[in-house]
Amino acid sequence: MLNTNTAKIGFIGYGNMAGATARGLMLSGAIKPEQIYACANDYDKLCRKAAADGIHPCKTSFEVVETCDVIFIGVKPYMVEGVMSPLKDVLHGKIIISLAANTYDDVLEEIMPSAHHVATAPNTPVSACEGIFICEEENTLTEEEKAFVHELLENLGLVLWMDRDHMGIGGVIAGCTPAFVAMFMEALGDAGCKHGLTRPVVYKLIAQMLAGTGKMALKSGDHPGQMKDAVCSPAGTTIVGVSTLEKNGFRFAVIDAIDQIQNKIHGKA
Ligand SMILES: NC(=O)C1=CN([C@@H]2O[C@H](COP(=O)(O)OP(=O)(O)OC[C@H]3O[C@@H](n4cnc5c(N)ncnc54)[C@H](OP(=O)(O)O)[C@@H]3O)[C@@H](O)[C@H]2O)C=CC1
Ligand SMILES: O=C(O)[C@@H]1CCC=N1
C-alpha cells in the first residue's frame with residue numbers, strides 16, 4: 001500500500017510547474033528529497049536543478065517510470081503524447097498525475113491506457129504550500145489511489161475535484177492569474193518606488209498585503225465588494241484610487257484578459 005514515507009515520486013519534465021510541485025512537497029515535509037526523481041530535456045541543466053533541490057536526476061523518462069510509483073507529467077501540453085507514448089509498456093499500474101493544461105482524461109487514456117491517470121490544473125504557489133490543484137473527477141485511479149493522490153496534493157494547498165466542463169476555466173483562474181497578480185505587484189512596486197519606498201520594503205509590504213487579503217477572504221467568506229467598502233472611508237483616500245482604477249477599466253481589463261485566454265484555449269484566437 002502506498003504511503004508518503006516510502007513512495008517514490010517522479011517528474012517527467014522538471015521546469016517551472018514540476019519544480020514548484022517538487023519543492024512544495026519537500027517544503028511540506030511530506031516527501032523527502034531522496035524520494036524524488038526527475039528527467040528533462042537538457043540533462044546538464046537538470047543536474048544543476050537537482051543538486052540545488054537535493055533530488056535524483058535521471059537520464060531518461062524510462063528510468064523515472066521504472067523507479068517511481070507516482071509520476072507527474074511536467075512537459076508542455078503539445079509534448080505529452082510524444083513523450084509519454086514510448087513509455088506505454090512500462091506504465092502499467094503506475095499512478096500518473098498530469099500537470100499539462102487542458103489535457104484531460106480522454107487524452108491521457110488514449111496515450112496511456114494501462115496507467116492509472118488523473119488530469120490536473122495546478123498553480124505555481126504550490127511551491128509555498130499555498131497553491132491549488134484542481135483534479136478532474138473523471139480519472140482511472142482506484143478509490144485507494146485517489147485518496148492517496150488527494151492526501152499527497154493537499155500538502156500543497158487546496159485540492160478540488162471538478163468535472164471536465166469546469167476544469168478549463170478553473171485552471172485559468174487558478175493557474176494563469178499568479179502572473180496577473182505578479183504584474184499587479186510589480187506595478188504597485190513601481191508606484192511605491194516613485195513615491196520614495198525602497199524595493200525590498202515595498203515588495204515586502206505588497207506580498208504581505210496580498211497574502212493577508214487572501215487569508216482574510218478565506219477566513220471571513222466576505223464578498224470582495226464588502227472587503228473593498230471596508231477600506232474606503234467616506235471622502236477618504238482609498239475611494240479616490242478605486243474611482244481612478246474604475247475610470248481606467250481595471251475590472252474590465254481583468255475580465256477581458258480571461259476572455260482572451262479562453263478564446264485561445266477554444267481556438268478562437
Ligand atoms: N507554469 C505554470 O504556472 C503552469 C504550468 N502548467 C503546465 O505544466 C506543464 C509544464 O509547464 P512549465 O513548467 O511552465 O514549462 P517549462 O518550460 O518550465 O518546463 C518544461 C519541462 O519539460 C522538459 N522537457 C522538454 N522536453 C522534454 C522531453 N522530451 N522529455 C522530458 N522532459 C522534457 C523541459 O526540460 P528542459 O528545461 O531541459 O528543456 C522542462 O523541464 C505544462 O503542460 C503547463 O501547461 C499548468 C499550470 C500552471
Ligand atoms: O501559460 C500556460 O500555458 C500555463 C498554463 C497555466 C499557467 N501556465
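**Exercise 1. Describe the shell around ligand 1 by residue class, then trace which helices contribute to it.**

Solution. In this predicted model, the shell around ligand 1 divides into 15 nonpolar, nine polar and three charged residues. Altogether 27 residues surround the ligand, and Gly13, Gly15, Asn41, Asp42 and Ala101 are the closest. Next, assign residues to elements: helix 1 (16-28) and helix 2 (43-53) each give at least two residues to this shell. The largest share, three residues, belongs to helix 1.

**Exercise 2. Check the length of helix 1 against the expected span, and decide whether the helix is largely enclosed or not.**

Solution. Helix 1 has 13 residues, and at 1.5 Å a residue it should span 18 Å. Its end C-alpha atoms are 18 Å apart, so expectation and model agree. For burial, the criterion is 20 or more other C-beta atoms within 10 Å of a residue's own. Ten of the 13 residues are buried, and therefore helix 1 is largely enclosed by the rest of the structure. Among them are Met17, Leu25 and Met26. The buried residues of helix 1 pack against helix 2 and several strands, including strand 1 (9-12) and strand 6 (116-122). After the helix comes Gly29, with a positive phi near 85 degrees.

**Exercise 3. Work out how strand 6 is paired and which way its residues point.**

Solution. Strand 5 (residues 95-98) pairs with strand 6 in the parallel sense over four bridges; Ser98 is partnered by Ala119. Strand 7 runs antiparallel to strand 6, joined by three bridges, and Thr120 is partnered by Cys135. Side chains in a regular strand alternate between the two faces of the sheet. Here His116, Val118, Thr120 and Pro122 point one way, while His117, Ala119 and Ala121 point the other, and all are buried.

Conventions: Residues numbered from 1 in each chain as written. Chains lettered and ligands numbered in written order. Predicted model: local features only at pLDDT ≥ 70, side-chain atom pairs only at ≥ 80, totals over all residues. Near = placed C-beta within 6 Å. Nonpolar A, V, L, I, M, F, W, Y, C, P; charged D, E, K, R; others polar. Expected span 1.5 Å × (residues − 1). Buried ≥ 20, exposed ≤ 12 C-beta atoms within 10 Å, placed from the backbone. Contact = placed C-beta atoms within 7 Å. Pairing = 2+ DSSP bridges.
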